[in-house]
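Subject: Structure handover

Hello,

Here is the structure I said I would pass on. My notes on it follow below.

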Amino acid sequence: MIFSLITGAAVALCIDVLNTHDIKLARNLYSFLKPNDVLVGDRAFCAYADMFTIKKLDCDPLFRKHQSRTTTMRKGKIVGDCDKLVTWYKPKSCPKGLSKDEFDALPKSITVREVYYYIVIPGFRTQRVSLYQFNMKLHIIGRSQLLSLNSHEPPV
């Protein structure tokens, strides 16, 4: 389901059988996106193909880092405090849910912006949260404003 951050109204809805994965349903909703929309999603949407597909629609994806994606401080171009540009490379094999033609149409690499912050709770391990954003138009938005779009986490 796609919601408007301004009104809270549902903009689009997709329903399928119970055992259909969320990402497959979400890909059906991409056709409802309009240029310059900002799509905020969770870790499941942080895939190479989805980032590129949403960018092709002239929209701005903002997703949390998927737990299987590794992050290192040594790679990427630092552009600010807890803010850097990193290069993602096309997967070696076609992921489930993509056709061969869709996979072949993907570029060899994309550059994404990684903005991260830390959640510090005394008595617990410090947790690092990374957000990825593809469209460099949003680079003019400050780090704290970008983090506030990810409303389920406290902005820093």
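A search of the whole structure finds 0 disulfides. Two cysteines can still be described by their exposure. Cys 14 has a relative accessibility of 21%, so it counts as partly exposed. Cys 94 is also partly exposed, because its relative accessibility is 34%. Please keep in mind that this is a predicted model.

Aromatic rings

The structure holds 2 aromatic pairs. One of them is formed by Trp 88 and Tyr 132: the ring centres are 4.9 Å apart and the planes stand at 70°, so this pair is edge-to-face. It links distant parts of the chain, since Trp 88 belongs to strand E6 and Tyr 132 to strand E8, with their positions 44 residues apart. As for exposure, Trp 88 has 4% relative accessibility and therefore counts as buried. Tyr 132 is buried as well, because its relative accessibility is 1%.

The other pair joins Tyr 116 and Tyr 118, and it is edge-to-face, at 6.2 Å centre to centre and 85° between the planes. Buried or partly exposed: which applies to Tyr 116, and which to Tyr 118? Tyr 116 has a relative accessible area of 6%, and the cut-off for buried is under 20%, so Tyr 116 is buried. Tyr 118 has a relative accessible area of 42%, so it is partly exposed.

Charges over rings

Tyr 116 appears here again: Arg 128 lies over the face of its ring, at 3.8 Å from the ring centre. There is also a lysine to note. The charged end of Lys 90 sits over the ring of Phe 103, 4.5 Å from the centre of that ring.

Helix H2

Helix H2 covers residues 48-56, and its buried residues are Tyr 48, Ala 49, Asp 50, Met 51, Phe 52 and Ile 54. What do these buried residues pack against? Their partners are helix H1 (22-29) and the strands E3 (38-41), E4 (60-64), E6 (83-89), E7 (109-119) and E8 (127-133). Two of these strands came up above with the aromatic rings: E6 holds Trp 88 and E8 holds Tyr 132. After H2 comes Asp 58, which has a positive phi, near 65°.

Regards

Terms used:
Residues numbered from 1 in each chain as written. Predicted model: local features only at pLDDT ≥ 70, side-chain atom pairs only at ≥ 80, totals over all residues. Heavy atoms only, no water. Buried < 20%, exposed > 50% of the residue type's maximum accessible area, 1.4 Å probe, protein only. Helix = DSSP H or I, 4+ residues; strand = E, 2+ residues; numbered from the N terminus. Contact = heavy atoms within 4.5 Å. Phe/Tyr/Trp six-rings, centres within 6.5 Å; stacked < 30°, edge-to-face > 60°. Lys NZ or Arg CZ within 6 Å of the ring centre and 35° of its normal. Disulfide = S-S within 2.5 Å.
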